[in-house]
Amino acid sequence: MLKRNTRLAYILGFIFLLIIEIMIATLLNTGFVRENLGDFLVVILIYCLIMAVCDFSVKRGLLVTLVFSYAIEILQLLKLPQYFSAQTEKWAALVLGNYFSWIDILMYTFGIITIWTIEYLKQPKVL
């Protein structure tokens with residue numbers, strides 16, 4: 001069983017990643033970093049938030065984060081933002097995204113694998 005970090009570690013991770021995500025969103029319009037690396041990092045950001053506010057095990061935190069991320073992508077496939085009023089459609093598109101992409105699913109999966117690897121490697125080694 002993987003041991004959790006402290007809540008403070010997850011809060012600091014969340015704040016750090018939020019700053020990076022804001023910089024990506026405001027400074028970049030296109031390209032690999034905006035379109036793919038942002039999706040990879042947002043999964044880690046969501047994981048840090050979930051672990052900061054919930055008392056989940058690492059395994060449960062990873063699962064909740066992955067299911068949440070995939071659900072958002074499925075809502076994009078269903079074009080959910082277009083069903084909102086004109087005023088809220090912009091915010092819905094910002095939160096949910098605009099379009100479905102298998103690459104996003106892949107980036108979310110890589111993000112979860114990265115988190116699991118970090119959580120695993122930080123465990124005390126038993127000799």
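# A walk along helix 2 and its neighbours

Helix 1 and helix 2 run roughly antiparallel to each other, because their crossing angle is over the 145 degrees where that label begins. This is a predicted model, so treat the tour as a look at a computed structure.

**Stop 1: the whole protein**

Start with everything shown as a cartoon. You should find five helices and zero strands, and reading along the sequence gives the pattern α-α-α-α-α. Turn the C-alpha trace about its principal axes and you will see a span of about 60 × 25 × 25 Å.

**Stop 2: helix 1 with helix 2**

Now select residues 7-27, which form helix 1, together with residues 32-53, which form helix 2. At what angle do the axes of helix 1 and helix 2 cross? They cross at roughly 155° and come within 8 Å. The crossing of this pair is left-handed. Sorted by class, the residues of the contact between helix 1 and helix 2 comprise 19 nonpolar, three polar and three charged.

**Stop 3: helix 2 with helix 3**

Keep helix 2 on screen and add helix 3, residues 58-77. Here the packing angle is about 130°, and the axes lie 9 Å apart. Helix 2 and helix 3 are therefore oblique to each other. Helix 2 passes helix 3 in a right-handed crossing. To see who touches whom, show side chains for Val43, Ile46, Tyr47, Ile50 and Met51 on helix 2. Across from them, on helix 3, pick Val58, Gly61, Leu62, Val64, Thr65, Phe68 and Ser69. How many residues of this contact of helix 2 with helix 3 are charged? There are no charged ones; the contact has nine nonpolar and three polar residues.

**Stop 4: helix 2 with helix 5**

Hide helix 3 and bring in helix 5, residues 102-121. The axes of helix 2 and helix 5 come within 8 Å, crossing at roughly 45°. Helix 2 and helix 5 are therefore oblique to each other, and their crossing is right-handed. On the helix 2 side, select Glu35, Asn36, Asp39, Phe40, Val42, Val43, Ile44 and Tyr47. Their partners in helix 5 include Ile103, Asp104, Met107, Tyr108 and Phe110, and further along Gly111, Ile112, Thr114, Ile115 and Glu119. By class, this contact holds eleven nonpolar, three polar and four charged residues. Tyr47 is worth a click: it belongs to the contact of helix 2 with helix 3 and also to the contact with helix 5.

**Stop 5: a pocket among the helices**

Leave Tyr47 selected, since it also lines the second largest pocket. Which other residues line that pocket? Add Asn5, Ala9, Tyr10, Gly13 and Leu17, then Ile44 and Cys48, and finally Ile115, Ile118 and Glu119. The space inside comes to about 180 Å³. Helix 1, helix 2 and helix 5 each supply at least two residues of the lining, and helix 1 gives the most, with four. Colour the lining by class and you should get eight nonpolar residues, two polar and one charged.

Conventions:
Residues numbered from 1 in each chain as written. Predicted model: local features only at pLDDT ≥ 70, side-chain atom pairs only at ≥ 80, totals over all residues. Heavy atoms only, no water. Axes fitted to C-alpha atoms, helices over the stretch in contact; angles between N-to-C directions. Parallel < 35°, antiparallel > 145°, perpendicular 65-115°, else oblique. Left-handed = near helix turned anticlockwise from the far one by under 90°. Contact = heavy atoms within 4.5 Å. Nonpolar A, V, L, I, M, F, W, Y, C, P; charged D, E, K, R; others polar. 1 Å grid on protein atoms, 1.4 Å probe; cavity = no way out; pocket = protein on both sides within 12 Å on 5 of 7 lines; lining within 4 Å. Points joined across faces, edges and corners; volume = space filled by probe spheres on them.
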